[in-house]
There are 2 protein chains.
Amino acid sequence: MRPITTANILAIGTELLTPYRTDTNSLYLTARLNELGIDVSAKRVIGDDVGDLERALAQALQQTDLVITSGGLGPTSDDVTREAVSSVLGLPMAEDPALVELLRERFARRGTSMPEINRRQAMVPHGAVVLPNSRGSAPGLLIAQGEKLVLLLPGPPRELEPMFESSVRDRLAERTSGRRLRRRVVKIAGQPESKVDEIAAPVYEPWARLPQPISTTILASPGQVELHVSARGTDVAALDAQLAAAVTALCAALGDSVFSTDGRALEVVVGDALRGRGLTLAVAESCTGGLVAGRLTDVPGSSACVVGGVVAYANDVKRDLLDVPADVLARHGAVSEPVAAAMAVGVRRALHADVGVAVTGIAGPDGGTAEKPVGTVCFSVAGPGDQLTTVTRMVPGDRGLIRQWSVLVALDLVRRALR
Amino acid sequence: MRPITTANILAIGTELLTPYRTDTNSLYLTARLNELGIDVSAKRVIGDDVGDLERALAQALQQTDLVITSGGLGPTSDDVTREAVSSVLGLPMAEDPALVELLRERFARRGTSMPEINRRQAMVPHGAVVLPNSRGSAPGLLIAQGEKLVLLLPGPPRELEPMFESSVRDRLAERTSGRRLRRRVVKIAGQPESKVDEIAAPVYEPWARLPQPISTTILASPGQVELHVSARGTDVAALDAQLAAAVTALCAALGDSVFSTDGRALEVVVGDALRGRGLTLAVAESCTGGLVAGRLTDVPGSSACVVGGVVAYANDVKRDLLDVPADVLARHGAVSEPVAAAMAVGVRRALHADVGVAVTGIAGPDGGTAEKPVGTVCFSVAGPGDQLTTVTRMVPGDRGLIRQWSVLVALDLVRRALR
């Protein structure tokens, strides 16, 4: 049988054709399919209209060997995915008594009886494999027709994702060529994408021309750049060894600006480094207004190393809570390296922490001057011990981007201070 | 000529078929099309493959009267949208000398000469209207064929959106029936979707059966519920009057839990209320770890009313910086109404603000007990004047959701205190 190498994804639901909802399942599915060596060649969003859906299914089946739908498996008359698939594939549906029983039990466990309408969810096209749903009432369906496969998954991500992991991945793997995609990610903070690429491109460009090529993709978000390296082949161990060597080469070129090669986010890396050394951190923020502390405390268990912080938006707060001397504020201005350093030292002392980090800058849109334009941000880290590092960066973008960038720069300075 | 009532949107670009990038242009375009009385009946994402694109274009043109593409208008050989459209519509392309001149001028203004490859961007299918691009080199194209319209827009949102506003909207409006969609949004914070709908449904359900019906959609995000009411018709003033009455009726039913009917976010409403009364705010956060202050300071100009805050993650910080008495902490625990109240009073005093708001709770995943399970969050607002309000809420979801919910509840308590 011909192996499956490409897929189409159909997201079904009229709400996905409004300005308010977007299909995110296809991003998850694409990542999982890519790992199995399957590319996604097209994606569609279709409303709850059986005619539109039949047309889209028929077209997708002509163009690819695997069609995955998400949504439209509920009990109401809006949910027409089963009917459309049955019609396009010419497979009559019948009620599956075992499935009716499972649905009844599901409702009974919640102390109610099953509404009759839910029997629709027990209708199964002839020959379909029923995929159990651990988180909802809609079962998935997997239908083989000749060399083609049609996979029907429920719409809610919290139902779709565990169903894929437990019932779909292994079944799909059997139908692939055995080629797999393996991927590693190298993460860099606080550097512009162009600068990272200038350093990395001479390293990764030759890899695309290897007999066993490595693909490299650069993804930039505010304050962070990711280099994704991936390779395809049947020998997973050999691919992983090849990618490990690629990651090592990129790290050698990029040096200490790499903060993670194992998927961890910067706030997790910082938290792990603090815990590893038994140190605590306090945060003093002006222009980021709490976002540095907010990011650090996103991580479960961060209370073990993050004691807290001061959002010193007003100068009085910098003076009263952080002991920034009034004359330093007056002489250098709130956005200055001496003030950043005094904030870092002050928050460390006031909160009895081992390390203090401070951010003060001009996020805009107002407040910029010729000397200190919008985007001027000063950072300082006090500790551990006698260390004191203070830097000024020109951060790009509008208010929102400047604040997000600054969070990453601040966390990266803490990471560097902890090495 | 038949008016245009439905559209298909095609997002073009192989990067949109990876796990990392998603098409967001279609959300913007859908909102604008809906306002013109045009529904989106399907969306697709296609890679940079001329065959795939030709098939998708032909299918979309069969199904609808307006096809909008985004992307694939760049100068490189990957950019095949012009070629595919020319081929499917049978319209030969020719270089537009005026467009070549515009491109040359664009490069000259940046001090470089135009690469020859950019001449591709001056190729125009016969009869197409060229749409100027104020932010990039790729012009848009609008092509009428019989009763159908094909609209080619550039991929970057910062180019697509101004092009739509300046060159597309009015031209499309001429081809519609004159029916428009008008919309109003009622926003509620800190209430579960089910509770809002229980109150609102008896009000809005009859509207769907009016001779001139009003549609209602509920959108829930963590800590916030939005009721979108919309109506379609040719008399915009009458629609707006009808929706204004609908908003008034919903506000009467939902009472003071409505925080906005004019599109403003809660942090903007709170900032406006503070400025309107000439008051300042300080924030004390435990489980939200800086996110309340971070949200308030997202708003440009917030330094006029937000003086700052204390992230009191550790109990020592609650005691040392916020003067929460050690015996209150010991007796009631850090997550308790007495501690929340002491934090609100303490941060207000320490930061010399008119109003203090405090959040302390158990965001999980650890730290819950039988008495105070994960999701128990206490809030307090001190001020203005002698006011002191303290509440406890059971907030749903995981750590991330509990923190997001809590931000909205805290901001909403401040809003209520300022009325």
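In what sense, and over how many bridges, do S10(A) and S11(A) pair? In this predicted model, S10(A) and S11(A) are antiparallel partners joined over 7 bridges. The two strands form a hairpin with 2 residues between them, and Gly223(A), which lies in the turn, has a positive phi of about 85 degrees. Within the pair, Ile218(A) stands opposite Leu227(A) of S11(A).

The hairpin belongs to an open sheet of 4 strands in chain A, ordered S10-S11-S9-S12 with antiparallel pairing. Strand S10 (215–221) and S12 of chain A are the edge strands, each of which pairs on one side only. On average, and with direction ignored, neighbouring strands of this sheet are turned by 30 degrees against each other. Strand S9 (residues 180–189) of chain A runs antiparallel to strand S11 (residues 224–233) of chain A, and 10 bridges join the two. Several residue pairs define the register of S9(A) against S11(A): Arg180(A) stands opposite Gly233(A), Arg184(A) has Val229(A) as its bridge partner, and Ala189(A) is matched in the same way by Gln224(A). S9(A) is also joined by 2 bridges to strand S12 (residues 258–260) of chain A, again in an antiparallel arrangement. There, the bridge partner of Lys187(A) is Ser260(A) of S12(A). As a general point, side chains in a regular strand alternate between the two faces of the sheet.

At the level of domains, the assignment for chain A comprises domain 1 (6–174), domain 2 (180–260) and domain 3 (266–417). A distance of 35 Å separates the C-alpha centres of domain 1 of chain A and domain 2 of chain A.

Chain B likewise contains an open sheet of 4 strands, with the order S10-S11-S9-S12 and antiparallel pairing. Its edge strands, each pairing on one side only, are strand S10 (215–221) and strand S12 (258–260) of chain B. The average turn between neighbouring strands of this sheet is 30 degrees, direction ignored. S10(B) pairs with strand S11 (residues 224–233) of chain B in the antiparallel sense over 7 bridges, and Thr216(B) stands opposite Val229(B) of S11(B).

The contact between the chains takes 48 residues from chain B and 48 residues from chain A. On the side of chain B that touches chain A, at least two residues each are supplied by helix H1 (25–35), strand S2 (39–46), helix H2 (50–63), helix H9 (291–296), strand S14 (306–312), helix H10 (315–322) and helix H13 (399–417). By residue class, this side of chain B divides into 26 nonpolar, 16 polar and 6 charged residues. Strand pairing also extends across the two chains: strand S2 (residues 39–46) of chain A and S2(B) pair in the antiparallel sense over 5 bridges. In this pairing, Arg44(A) has Arg44(B) as its bridge partner in S2(B).

Helix packing was examined within chain B. Two packed helices are described by the angle between their axes and the distance between the axes. The axes of H2(B) and helix H3 (residues 81–89) of chain B lie 9 Å apart, and the two helices pack at an angle of about 50 degrees. H2(B) and H3(B) are therefore oblique to each other, and H2(B) passes H3(B) in a right-handed crossing. From H2(B), the residues Val50(B), Leu53(B), Glu54(B), Leu57(B) and Ala58(B) meet Thr81(B), Glu83(B), Ala84(B), Val85(B), Ser87(B) and Val88(B) of H3(B). The residues of this contact divide into 7 nonpolar, 2 polar and 2 charged.

A second helix pair is formed by helix H8 (residues 266–277) of chain B and H13(B), whose axes come within 9 Å and cross at roughly 30 degrees. Since angles under 35 degrees count as roughly parallel, H8(B) and H13(B) are therefore roughly parallel to each other. The crossing of H8(B) past H13(B) is left-handed. H8(B) contributes Leu266(B), Glu267(B), Val269(B), Val270(B) and Ala273(B) to the contact, and H13(B) contributes Leu408(B), Leu411(B), Asp412(B), Val414(B) and Arg415(B). This contact comprises 7 nonpolar, no polar and 3 charged residues.

How values were computed:
Residues numbered from 1 in each chain as written. Chains lettered and ligands numbered in written order. Predicted model: local features only at pLDDT ≥ 70, side-chain atom pairs only at ≥ 80, totals over all residues. Domains from an automatic or database assignment. Contact = placed C-beta atoms within 7 Å. Nonpolar A, V, L, I, M, F, W, Y, C, P; charged D, E, K, R; others polar. Pairing = 2+ DSSP bridges. Axes fitted to C-alpha atoms, helices over the stretch in contact; angles between N-to-C directions. Parallel < 35°, antiparallel > 145°, perpendicular 65-115°, else oblique. Left-handed = near helix turned anticlockwise from the far one by under 90°.
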